Amino acid sequence: MSSQFRTNLTRTALGAAGAAALGIGYASGIERNAFALREVTMPVLAPGSSSLRVLHLSDLHMMPNQRLKQNWLRELEGLDPDLVVNTGDNLSHQRSVPAVVQALGDLLARPGLFVFGSNDYFAPKPKNPLSYIFNKDKRITGDPLPWGDLRAAFTERGWLDMTHVRRELEVAGIRIAAAGVDDPHLKRDRYDTVAGTPNPIAQLKLGLTHSPEPRVLDRFADDGYDLVLAGHTHGGQLCLPFYGALVTNCQIDRSRVKGPSKWGAHTQLHVSAGIGTSPWAPARFCCRPEATLLTLVPATRREPEHVSAHSSAESPASVLRN
């Protein structure tokens, strides 16, 4: 082996190592705190309805000392949503409940619906990243988290727990028939407890689940729900340019890992890419943390599949000014 070849090989190796280090530094130090607001318009309401603004939050994975995340969440009240929907995984620490409640702030005074995810019930634990690809069905859970305290804090302020219940409510003049299930990722879902056709006079039939498992989405679609909201996937969390998510951490396909899509002939699905990460995997790449402001509008027979979306890197306050 010539000395020139060895020199070139060394330079290539050092360059690759340097690029990897820069990527890891960016993913863990910059992008995971580059919170974005995604705005999506979805035609899912009954014809003749007025529009409804829904703030979809998911996967906060809150640690007590995450001030940037907490401050950003507090600004979301300025979006003036009609309804807040939280699809779980709020906690990552035994002492995170006060941080979540304080960060949500005045949003808890607005109409709200929620279901929990695995990281409301159990603390995250370190795991081999390859397990997300090669051992998807293995569940590793940590110590129990104070989900009961979080539930009490939410319900005392008026948010409705949708875990295995069906409810009807009116928000901003829109009659909503809603149902939810417990976390399918932990196989805690019991769809039979909410099965059946929702009230046909409701202007919005809304389903909630933490993990968008096809077996649950199929049931919502078969029962005639207009829209299902979910989280869990983190949008893939680590994505590649021009390819997208490497994994979804559930049985849903990569094309639906975040944002709006269609499920079946009638039902629309929105999967949140989420706001946080596990403390054991504090990185995002090509997949910024986000909340979503959904503007629900009446569906039309001509364009039942139309969905439009865009992301904003601006703060919620500046989005309102545009």
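# Exercises on a predicted model

Helix α7 (residues 214-223) lies across five strands, β7 (174-180), β8 (204-208), β9 (227-230), β12 and β13, and runs at about 65 degrees to β12. Keep in mind as you work that the model is predicted.

## Exercise 1: the open sheet

Task: Find the order of the strands in the open sheet of 6 strands, and say which strands stand at the edges.

Solution. Start with the order, which reads β6-β7-β8-β9-β13-β12, with mixed pairing. Next, look at the two ends: β6 (166-171) and β12 (259-263) each have a single partner strand, so one side of each is left without a neighbour in the sheet. Finally, compare directions: ignoring which way they run, neighbouring strands of this sheet are turned by 25 degrees against each other on average.

## Exercise 2: β13 and its partners

Task: Work out how β13 pairs with β12 and with β9, parallel or antiparallel, and name some residue partners.

Solution. Take β12 to begin with. This strand runs antiparallel to β13 (residues 267-271), and 5 bridges join them. You can trace the pairing residue by residue: Trp 263 has Thr 267 as its bridge partner, Lys 262 stands opposite Gln 268, and Ser 261 stands opposite Leu 269. The hairpin of β12 and β13 has 3 residues between the strands, and Gly 264 takes a positive phi there, near 80 degrees.

Now turn to β9. Here the pairing with β13 is parallel, over 4 bridges. One place to see this pairing is Leu 227, whose bridge partner in β13 is Gln 268.

Task: Decide which residues of β13 point one way and which the other, and whether they are buried or exposed.

Solution. Thr 267, Leu 269 and Val 271 point one way, while Gln 268 and His 270 point the other way. Both groups turn out to be buried, and the count for the strand is 5 of 5 residues.

## Exercise 3: the largest nonpolar core

Task: Find the residues with the most contacts inside the largest nonpolar core, and the elements that supply the core.

Solution. This core has 33 residues, and those with the most contacts inside it are Leu 57, Leu 73, Leu 76, Val 100, Leu 104, Phe 154 and Ile 275. At least two residues of the core come from each of β2 (52-57), α2 (67-75), α3 (97-104), α6 (147-156) and β14 (290-298). The element that gives the most is α3, with 6 residues. Apart from this core lies another, of 23 residues, including Leu 45, Ile 174, Leu 204 and Leu 227.

To get a feel for one of these residues, pick Val 100. Leaving aside neighbours within four places in sequence, Val 100 is in contact with Leu 60, Met 62, Asn 90, Leu 91, Leu 150 and Phe 154.

## Exercise 4: helix α3 and its neighbour α2

Task: Say how many residues of α3 are buried and what they pack against.

Solution. Count along the helix: 6 of its 8 residues are buried, namely Val 97, Ala 99, Val 100, Val 101, Ala 103 and Leu 104. These buried residues pack against β2, α2 and α6. After the helix comes Gly 105, with a positive phi near 50 degrees.

Then look at α2. The axes of α2 and α3 come within 7 Å and cross at roughly 35 degrees. On the α2 side the contact uses Gln 70, Leu 73 and Arg 74, which meet Ala 99, Gln 102 and Ala 103 in α3. Sorted by type, the residues of this contact are 3 nonpolar, 2 polar and 1 charged.

## Exercise 5: the faces of α6

Task: Explain why the buried residues of α6 line one face of the helix.

Solution. List the buried residues, which are Leu 150, Ala 153 and Phe 154. Looking down the axis of α6, you find them within an arc of 95 degrees, so they line one face of the helix. On the other side, Asp 149 and Glu 156 are exposed.

Last, ask what covers the buried residues of α6: the cover includes β3 (83-86), α3, β4 (112-114) and α4 (118-121). Following α6 is Gly 158, whose phi is positive, near 105 degrees.

Note on methods:
Residues numbered from 1 in each chain as written. Predicted model: local features only at pLDDT ≥ 70, side-chain atom pairs only at ≥ 80, totals over all residues. Heavy atoms only, no water. Core = buried A, V, L, I, M, F, W, Y, C linked by side-chain atoms within 4.5 Å. Buried < 20%, exposed > 50% of the residue type's maximum accessible area, 1.4 Å probe, protein only. Contact = heavy atoms within 4.5 Å. Axes fitted to C-alpha atoms, helices over the stretch in contact; angles between N-to-C directions. Nonpolar A, V, L, I, M, F, W, Y, C, P; charged D, E, K, R; others polar. Arc of directions from axis to C-beta. Pairing = 2+ DSSP bridges.
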